Amino acid sequence: MKYYIEKTTDYSFDEAVEKVTEELKKEGFGVLSEINIHEKLKEKLDVDFRKYRILGACNPPSAYKALQAENKIGTMLPCNVIVQKLDNGKTEVAAVDPVASMMAVGNADLESIAKEISTKLQKVIDAL
């Protein structure tokens, strides 16, 4: 099973970050964190890496349900979404597939929550 949902777009990198953030909001997600990998690798290792950003997205009602069902599920939250510039000039957006990641937990109560979040993330990716 593939552990992510992805789409390659013609958006510029910055446009893709903006667009995916807007689409996440439409599906009830907020972006709790943003890690600019390009900048961090330059700062820490003095290497040039492609534009690559990790957005830590959270859907509060679903996160609350998941935390009630499994007290250590916070180790797998939030839902990460990446935006990266590809060598061909296009920009890829990919999101974790919660159904795949929750399989490792083995808690049946999480299945419906994971499916709901997966559907929402698929809508976000499809809208790009």
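This passage describes the sheet, the helices packed on it and several salt bridges in a predicted model.

The sheet is open and consists of five strands in the order S1-S5-S4-S3-S2, with antiparallel pairing. Because strand S1 (4–9) and strand S2 (30–36) stand at the edges and each has a single partner strand, one side of each is left without a neighbour in the sheet. From one strand to the next, the twist averages 20 degrees. The antiparallel strands S2 and S3 (residues 52–58) are joined by six bridges, and Ile-35 stands opposite Ile-54 in S3.

Two helices are described against this sheet. Helix H1 (residues 13–26) lies across S2, S3, strand S4 (79–85) and strand S5 (91–96), and runs at about 155 degrees to S4. Helix H5 (residues 111–126) packs on the sheet and touches S1, S4 and S5, its direction making about 5 degrees with that of S1.

Ten salt bridges are found in the structure. Within helix H1, Lys-19 and Glu-23 lie four residues apart, about one turn of the helix, and they form a salt bridge whose closest N and O atoms are 3.3 Å apart; Glu-23 is buried, because its relative accessible area of 7% falls under 20%. The salt bridge between Glu-34 and Arg-53, with closest N and O atoms 3.1 Å apart, links distant parts of the chain, since Glu-34 belongs to strand S2 and Arg-53 to strand S3, 19 residues apart. In this pair Glu-34 is partly exposed at 47% relative accessibility, whereas Arg-53 is buried at 14%. A further salt bridge joins Asp-46, which is exposed with a relative accessible area of 57%, to Lys-42, which is partly exposed at 35%.

Technical notes
Residues are numbered from 1 along each chain as its sequence is written. This is a predicted model: local features need pLDDT of at least 70, side-chain atom pairs count only at pLDDT 80 or more; totals for chains, interfaces and linings use all residues. Side-chain values use heavy atoms; hydrogens and water are left out. Two strands pair if DSSP finds at least two bridges between them. Axes are lines fitted to C-alpha atoms, for helices over the stretch in contact, and angles run from 0 to 180 degrees between N-to-C directions. Contact means heavy atoms within 4.5 Å. A salt bridge is a side-chain nitrogen of Lys or Arg within 4 Å of a carboxyl oxygen of Asp or Glu. Buried means under 20% relative accessible area, exposed over 50%, partly exposed in between (1.4 Å probe, protein chains only).
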